[in-house]
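This report concerns the accessibility of charged side chains, the salt bridges they form, and one helix with its surroundings. Please consult the sequence and structure shown here.

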Amino acid sequence: MKLYIKNMVCDRCKMVVKNEIENLGYSLVKVELGEIELNQEITDIQKKDIKLNLEKFGFEVIDDKRSRIIELIKNKLIDLVQNKNADLDKNLSIFLSENLNQDYSKLSNLFSEIEGVSIEKYFINLKIEKVKELIIYDELSFSEIADLLNYSSVAHLSNQFKKITGFTPTHFKQIKEAKRTQIDKL
């Protein structure tokens, strides 16, 4: 049985959810960003018990189909930015359509309706938060960050960064006090 989990955005989230589910005595087939697959069917009471346990850690079990699709989109985009962005060799709309087996215009309309922001804007916000993280770590040059996050140039990264944050990357690097936004808060 599959359960869809909101706010599961990183490997640590996967680990916490896995541990909690196993501590409740359930066997897992797999744990992915935003979803788990249990080895057995569960009752509504058991599902409620899982919901309550996961809520303590800021996770939510998603029941309705529209919310599940939104969460799948977010998780695909988060995974792309965090782990595979430099490998994106196609248009974002094609990437999402292929990965979610759905028409992009339907995904885009649903996302905008529910989240109040376009998929593209959400994706840009994720990338900018990753740029902030990399700037704070101070291990890569702006050129390396631009390459890593699939920007066409440092100027493109800089323009987008300034448009979103109000700072140039250089100024942000100097002040480092501008707070980063947690991914699950975007």
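## Glutamate 35 and lysine 2

In this predicted model, glutamate 35 has a relative accessible area of 10% and is therefore buried, since the cut-off for a buried residue is under 20%. The side chain of glutamate 35 meets that of lysine 2 in a salt bridge, with an N to O distance of 3.4 Å. Lysine 2 belongs to strand β1 and glutamate 35 to strand β3 (residues 35-38), so this contact ties together parts of the chain that lie 33 residues apart in sequence.

Lysine 2 is partly exposed, its relative accessible area being 38%. The pair thus joins a partly exposed lysine to a buried glutamate. Lys2 and Glu35 also belong, together with Lys30, to a network of salt bridges.

## Further salt bridges

The whole structure contains 11 salt bridges. One of them is formed by lysine 51 and aspartate 63, whose side chains meet at 2.7 Å, N to O. This pair links distant parts of the chain: lysine 51 is located in helix α2 (residues 44-55), while aspartate 63 is in the loop between β4 and α3, 12 residues apart. Both partners are partly exposed, with relative accessible areas of 23% for lysine 51 and 41% for aspartate 63.

Another salt bridge connects the side chains of lysine 18 and glutamate 22, at 3.0 Å from N to O. Here both residues lie within helix α1 (residues 11-23), and their separation of 4 residues corresponds to about one turn of the helix. Lysine 18 is partly exposed at 34% relative accessible area, and glutamate 22 is likewise partly exposed at 35%.

## Helix α3 and its surroundings

Helix α3 comprises 20 residues, from 65 to 84. From its first C-alpha to its last, α3 reaches 27 Å, close to the 28 Å expected at 1.5 Å a residue.

Which residues of α3 are buried? They are Ile69, Ile70, Glu71, Ile73, Lys74, Asn75, Leu77, Ile78, Asp79, Leu80 and Val81. Glu71, Lys74 and Asp79 are thus among the buried residues of this helix, as are Ile73 and Leu77. The elements covering these buried positions include two strands, β1 (2-6) and β4 (60-62), and three helices, α4 (92-100), α5 (104-115) and α6 (119-137). Strand β1, which holds lysine 2, is accordingly also part of the cover over α3.

Note on methods: Residues numbered from 1 in each chain as written. Predicted model: local features only at pLDDT ≥ 70, side-chain atom pairs only at ≥ 80, totals over all residues. Heavy atoms only, no water. Expected span 1.5 Å × (residues − 1). Buried < 20%, exposed > 50% of the residue type's maximum accessible area, 1.4 Å probe, protein only. Contact = heavy atoms within 4.5 Å. Salt bridge = Lys/Arg side-chain N within 4 Å of Asp/Glu carboxyl O.
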